[in-house]
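Let's take a walk through a protein model and see what sits inside and what holds parts together. Have a look at the picture first, then read on.

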Amino acid sequence: MPVLEKARDQYRSVPNILIVGSEGAAETALQELSFMFAGPADIRVLPGPLLPLPRANCAALILRNVESLTPEQQMELAQWLDSRPGVPVVSVNSSSVFPLVGAGTFSDRLYYRLNMIVEDAVTGVGTASWLVNSSSVNR
């Protein structure tokens with residue numbers, strides 16, 4: 001059994017996902033993934049305030065326009081992820097964040113924490129599609 005399938009079956013949660021694509025494609029991907037959250041999602045549209053970050057009853061944190069995180073917000077989010085590893089973060093952006101890492105304006109540590117699974121919402125190719133398609137058989 002593949003590692004992601006084991007994780008999905010064991011924890012019944014979504015690993016961190018970065019959705020890259022148009023607003024419409026990202027919305028479709030978010031709707032397809034929503035059944036995997038066992039409770040309410042906290043949605044943040046950036047730029048904007050990040051604090052307070054979600055508390056115990058939050059099933060997922062959804063960040064739109066993740067490239068807009070300030071360096072301070074990046075540090076806050078990384079610290080929150082370290083203290084709340086069980087809450088998946090679904091990041092949405094219209095373009096790849098990776099060039100910002102290379103330019104030094106986006107934390108590489110945070111990028112790799114948010115980028116466990118990449119879903120290209122324009123082409124529909126990625127591991128998140130596999131999770132959705134595999135899970136829909138078991139629904």
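Below we go through one helix, the nonpolar cores, a buried polar residue and the salt bridges. Keep in mind that this is a predicted model.

**A helix with two sides**

Start with helix α2, which covers residues 23–33. Which of its residues are buried? They are Ala 25, Ala 26, Ala 29, Leu 30 and Leu 33. If you look down the axis of α2, these buried residues fall within an arc of 140°, so they line one face of the helix. Turn to the face pointing away from that buried side, and you meet the exposed residues Glu 23 and Gln 31.

**The nonpolar cores**

Now for the inside. The largest nonpolar core has 22 residues, and Leu 77 and Phe 106 are the ones that touch the most other members. Who supplies this core? β1 (17–20), β3 (60–64), α3 (71–83) and α5 (108–114) each give at least two residues. The largest share comes from α3, with four residues.

Apart from this core lies another one, made of 13 residues. Its members include Ile 17, Leu 30, Ala 59 and Ile 62. You have already met Leu 30 as one of the buried residues of α2.

Back to Phe 106 for a moment. What does Phe 106 touch, leaving out residues up to four places away in sequence? The list is Val 66, Glu 67, Leu 69, Gln 74, Val 97, Leu 100, Val 101, Tyr 111 and Leu 114.

**A polar residue tucked away**

Next comes Asn 16, found in the loop between α1 (3–11) and β1. Is Asn 16 buried or exposed? The cut-off for buried is under 20% relative accessible area, and Asn 16 comes in at 10%, so Asn 16 counts as buried. Its side chain reaches two backbone atoms: the nitrogen of Val 89 at 2.9 Å and the oxygen of Arg 113 at 2.6 Å.

**Salt bridges**

How many salt bridges are there in the model? The count comes to four. Here are some of them, with the distance between N and O atoms:

| Pair | N to O distance |
|---|---|
| Arg 64 and Glu 27 | 2.5 Å |
| Asp 42 and Arg 44 | 2.8 Å |
| Asp 82 and Arg 109 | 2.3 Å |

Take Arg 64 and Glu 27, which form a salt bridge. Arg 64 lies in strand β3 and Glu 27 in helix α2, so the pair ties together parts that are 37 residues apart in sequence. Arg 64 has a relative accessibility of 13% and therefore counts as buried, while Glu 27 is partly exposed at 29%.

In the pair of Asp 42 and Arg 44, the side chains meet in a salt bridge. Arg 44 is buried, with a relative accessible area of 13%.

Then there is the salt bridge between Asp 82 and Arg 109. This pair links distant parts of the chain, with Asp 82 in helix α3 and Arg 109 in helix α5, 27 residues apart. Asp 82 counts as partly exposed at 44% relative accessibility, and Arg 109 is also partly exposed, with a relative accessible area of 44%.

The story doesn't stop at that pair: Asp 82, Arg 109 and Arg 113 are linked in a network of salt bridges. Arg 113 should ring a bell, as its backbone oxygen is reached by the side chain of Asn 16.

Definitions and conventions: Residues are numbered from 1 along each chain as its sequence is written. This is a predicted model: local features need pLDDT of at least 70, side-chain atom pairs count only at pLDDT 80 or more; totals for chains, interfaces and linings use all residues. Side-chain values use heavy atoms; hydrogens and water are left out. Buried means under 20% relative accessible area, exposed over 50%, partly exposed in between (1.4 Å probe, protein chains only). The arc is that of the directions from the helix axis to the C-beta atoms. A nonpolar core is a set of buried Ala, Val, Leu, Ile, Met, Phe, Trp, Tyr and Cys residues joined through side-chain atoms within 4.5 Å. Contact means heavy atoms within 4.5 Å. A polar contact is a pair of N or O atoms within 3.5 Å; within protein, one must be able to donate a hydrogen and the other to accept it, and residues adjacent in sequence count only if both atoms are side-chain atoms.
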